[in-house]
Amino acid sequence: MTAAQPHPLLRPGRDPSGGEAALSWSNIAREQPRYPKVLVAADVRIPMSDGVILRAYVIRPADASGRAIAGDFPTVLNITPYNKLLIKSVDTILNAPVVGPLLRVLSRRFDLSGTPFDGITEITRVVAGGAADLLAVNRHLVRSGYVQLLVDVRGTGSSTGTWNVLGPREQQDSLEVIEWAASQPWCNGRIGMSGISYSAINALQTAAKRPDGLDAVFAVEGSVDIVREIFATGGAPSLFIPLWLTAVNGLKWVPSLRDLDVATWLRDRLSSPATNLLDLAKGFVTGGDRRIYDDPYYAEIDAEIEEITAPTFVYGCWHDIFGGSAPDIYNRLSLERGHKQLLVGDGYHGNPGIGFGDPGFPPRLDVLERAWFDRWLRDEDNGIENYGPVTLRRQGGGWTAHGRFPAPQAEPTRLYLSAASSGTARHAVADGSLETQNDGSSGHLSVRPTLRSVVSRDTTQVLAGLPAVLGGGFTYDNRFAEKGAVSFTTGPAHSPTVLSGPMNLHLRVICHAPEALWAIMVCDVAPEGKSTVLTNGALLATRRAVDDELSLFAPNGDYTRPYHPLTEESLESVPLGEPIELDIDLLTTEAVFEIGHRLRVDIFATDAPRFMPILPDLLRTRGRRQDIDIDTENPSYLVAPLVGDPGW
């Protein structure tokens, strides 16, 4: 295809905003609800089969006097470890007189785009996009004839027991909560599960067990392979996990005192005052916890997505802490299109739905949640099953909607690493090229550990988006970090080209220590030189073993997604001063390279806090230099799934 006749995937297709149907969904969410108020029953006791008591808010539609409406309604369940008191406080603020409406207006109108502080807007627009209503209490949903059930996970908030962290007992609790809810006079037996992050994972776990009454799932930023996505990507943990565990362990010590069995609650908290934190510290400092590797422990956590039969709406974002999990979940769902939906934004874990509801964007998350549950819990023929089913924010471009992801037209294409200078990254440690043909160049390009990558989009990703408020290198300009990297850059694109799917960097390296971290960022380089991170990946050299049975391949046999076992048994020693070959999987994404834009691969020897090897691995790197071996007979190359011909 030429620039005058672009590839069909580059032409306007389905409407990502949802068209006329989405307008009707939005109008329903704006109109006066059927019931004037909600009734909140606080600290409702839900007994579990082992004697533990979970505590919940039950939010029901109410009349003008505040009395609960008689009758039964579909029920939306959210099970959270983040303390329902904290979650409810978000609802209290958003619905406070003056303050609530003001926050909503400011979130919608406050815009620093185009300024050095544009990253602030990436956080402040969360409320306007509907995520806050989905996280807390969706009062409009309840007043329209639903019951919402917000439950503290065992061992957290006001619930008794010991926190099981997504484990088997916690999963059993979810099934028992659904059974309990279905038996209540205010529930008509039709239940949906909704939530963000941990709650989304919990919903997917539960749906995979197919409990009676669970008729729909709306999962925002869930996970499907937690060890590879965040806990030990390429064998290297991240800062997020200890920060997250510390936060949840702190929040679990703040109960509601209403009708609390203080003795039982305190006994349970003292039996596990800092769940998993000491084990985590032991693993990080000594390597003495098997969970720093892939372990059967994780098999109990990861949901069996293929078993889900309830209609499931999945939302994620390209720079979420769980990376490409949303497309993976969607593709593993054994549901027909429409009964499963995929929506992926270009944001972070802490700002889902930014921009939603604006012209050309998808509807707000709370609007989509309402439409999804109206369709599958009330049998309303609202057309939500015809949305998408794959709706993506294409990095470097706008929103697009089509039938599949990755794009079936994408062709895995080798881009060879060359020692020849591209002339575009003189600020980097070394400036190499990416070529569509092996140009026969050779040489060793060295990279050393550096802290420059701290100022990068990778840091913003692993800290859930919060550093975006700092702008610059933390969002859309990677040039500061690149001063500590070896860069390889293509020529300018001669026609728009789409990158769609997972990638693999096949890299020939020489290590000078028993361990080495290889961290990768793939960037879109604009004509003026700004380099924006699109995706990333990392691999410790000792974790380089690949399981071919679980890997994905291009037609020519190249890996497109190598699967590293990451088990202690699969560790391979690193020969000093001798070449070895690595296959480094990079998070799946979709991006468009406009005319004049280039693709760049940045290679680092460190990338903290996104990738932080445990102390024994870090000491084994000895801070030594790491060499990229450009060899004509044994080339290194990026396998990139491309739609269109960029002329690189």
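## The largest cavity

The largest cavity has a volume of about 310 Å³. This is a predicted model. The count of cavities of 30 Å³ or more comes to 6.

What lines the largest cavity? There are 24 lining residues, and those closest to the centre are V165, I226, F231, I241 and W244. Five elements are named as giving two or more residues each to this lining: α8 (198-208), α9 (226-231), α10 (240-251), α12 (277-286) and α13 (296-299). The largest share comes from α10, with 4 residues. By residue class, the lining of the largest cavity holds 18 nonpolar, 3 polar and 3 charged residues.

## The largest pocket

The largest pocket has a volume of about 1,200 Å³. Its lining comprises 49 residues. D328, L550, L552, R561 and Y563 lie nearest the pocket's centre.

Helices and strands both contribute. The helices that give two or more residues to the pocket lining are α9, α13 and α14 (325-332). The strands that do so are β15 (497-511), β17 (531-540), β18 (552-553), β19 (559-561) and β20 (579-593). Which element gives the most? That is α14, with 5 residues. The pocket lining divides into 25 nonpolar, 12 polar and 12 charged residues.

Two helices appear in both linings. α9 and α13 each give two or more residues to the largest cavity, and each also gives two or more to the largest pocket.

## The ten-stranded sheet

An open sheet is formed by 10 strands, with mixed pairing. The strand order is β1-β2-β4-β3-β5-β6-β7-β8-β9-β10. Why is one side of β1 and of β10 left without a neighbour in the sheet? β1 (37-47) and β10 (399-402) stand at the edges and each has a single partner strand, so one side of each stays unpaired in the sheet. From one strand to the next, the twist averages 20 degrees.

At the β1 edge, the partner is β2 (residues 53-62). The two strands run antiparallel and are joined by 9 bridges. Within this pairing, K37 stands opposite A62 in β2.

## Helices against the sheet

Helix α2 (residues 84-94) lies across four strands: β1, β2, β3 (73-80) and β4 (147-152). The helix runs at about 20 degrees to β2.

Helix α15 (residues 365-377) also packs on the sheet. The strands touched by α15 are β3, β5 (187-196), β6 (214-220), β7 (312-319) and β8 (340-348). The direction of α15 makes about 165 degrees with that of β6. Strand β3 is thus a shared point: α2 lies across β3, and α15 touches β3.

## Two loop residues

E528 sits in the loop between β16 (517-525) and β17. Is E528 buried or exposed? E528 is exposed, because its relative accessible area is 56%, above the 50% cut-off. From R452, E528 is 76 residues away in sequence. In space, the C-alpha atoms of E528 and R452 are 22 Å apart.

H597 lies in another loop, between β20 and β21 (598-604). H597 counts as buried because its relative accessibility is 18%, under the 20% limit. What does H597 touch, leaving out residues up to four places away in sequence? Its contacts are G491, P492, A493, D524, V525, A526, P527 and W648. Among them, D524 and V525 fall within β16.

Key:
Residues numbered from 1 in each chain as written. Predicted model: local features only at pLDDT ≥ 70, side-chain atom pairs only at ≥ 80, totals over all residues. Heavy atoms only, no water. 1 Å grid on protein atoms, 1.4 Å probe; cavity = no way out; pocket = protein on both sides within 12 Å on 5 of 7 lines; lining within 4 Å. Points joined across faces, edges and corners; volume = space filled by probe spheres on them. Nonpolar A, V, L, I, M, F, W, Y, C, P; charged D, E, K, R; others polar. Pairing = 2+ DSSP bridges. Axes fitted to C-alpha atoms, helices over the stretch in contact; angles between N-to-C directions. Contact = heavy atoms within 4.5 Å. Buried < 20%, exposed > 50% of the residue type's maximum accessible area, 1.4 Å probe, protein only.
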